[in-house]
Amino acid sequence: MRYQRAEPPLKLDGLAAARKFFAGCLAEEDPRRESLWVAHVDNDARCLHVACYRGDEFGADFPLREIIIDASSKGSAGIVLAHNH
């Protein structure tokens, strides 16, 4: 797993903004391996925290418990998910 701090004032307030942000994240990944990116956002869709969960060529885990714990500890109002396949 890799964590990345999102620099303010990143807002993921729609599909276009999320697509643009995650395109940069996914561009750094090996396309043969699965990866799941999770962005935690506040009530104004400002990004609070970003996490990446890497898998292998057969799949990536969906660590729901970890995502919920992160959401709780960061005070997230929502999450935005991106997957490379």
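Reader: Okay, how many salt bridges does a search of the whole structure find?
Author: Four. A salt bridge here is a side-chain nitrogen of Lys or Arg within 4 Å of a carboxyl oxygen of Asp or Glu. Keep in mind that this is a predicted model, where local features need pLDDT of at least 70 and side-chain atom pairs count only at pLDDT 80 or more, while totals for chains, interfaces and linings use all residues. Residues are numbered from 1 along each chain as its sequence is written, and side-chain values use heavy atoms, with hydrogens and water left out.

Reader: Cool, which residue does glutamate 29 meet in a salt bridge?
Author: Arginine 54, at 2.7 Å from N to O. Glutamate 29 sits in the loop between α1 and β2 while arginine 54 is in strand β3, so the pair ties together parts 25 residues apart in sequence. Helices (H or I, at least four residues) and strands (E, at least two) are DSSP runs, numbered from the N terminus.

Reader: And is glutamate 29 buried or exposed?
Author: Buried, because its relative accessible area is 12%. The cut-offs are under 20% for buried and over 50% for exposed, with partly exposed in between (1.4 Å probe, protein chains only). Arginine 54 counts as partly exposed, at 39%.

Reader: What about aspartate 42, which residue does it form a salt bridge with?
Author: Arginine 46, with the closest N and O atoms 2.8 Å apart. Aspartate 42 counts as buried at 15% relative accessibility, whereas arginine 46 is partly exposed at 39%. Salt bridges with shared partners also join Asp42, Asp44 and Arg46 into one network.

Reader: Switching topic: what pattern does the protein follow along the sequence?
Author: It reads β-α-β-β-α-β, which comes to two helices and four strands.

Reader: So where's the greasy stuff? How many residues are in the largest nonpolar core?
Author: There are 13, and those with the most contacts inside the core include Phe21, Phe22, Trp37 and Val50. A nonpolar core means buried Ala, Val, Leu, Ile, Met, Phe, Trp, Tyr and Cys residues joined through side-chain atoms within 4.5 Å.

Reader: Which elements give two or more residues to this core?
Author: They are α1 (15-27), β2 (35-41), β3 (47-54) and β4 (78-83). Of these, α1 gives the most, with four residues. There's also a second, separate core of five residues, including Leu36, Val38, Ala51 and Ile67.

Reader: Why would they bunch up like that?
Author: As a general rule, nonpolar side chains in soluble globular proteins tend to be buried together.

Reader: Then which residues make the nonpolar surface patch?
Author: Phe62, Leu64, Ile68, Ile79 and Leu81, covering about 460 Å². For patches, residues need over 30% relative accessible area and no salt bridge; like charges are joined within 9 Å, nonpolar side chains within 5 Å. Areas come from the Shrake-Rupley method with a 1.4 Å probe, and for residues only the protein chains shown count as cover. Helix α2 (64-74) and strand β4 each supply at least two of the patch residues.

Reader: Last one: where does serine 76 lie?
Author: In the loop between α2 and β4. The side chains of serine 76 and histidine 40 are joined by a polar contact of 3.0 Å. That term means a pair of N or O atoms within 3.5 Å; within protein, one must be able to donate a hydrogen and the other to accept it, and residues adjacent in sequence count only if both atoms are side-chain atoms.
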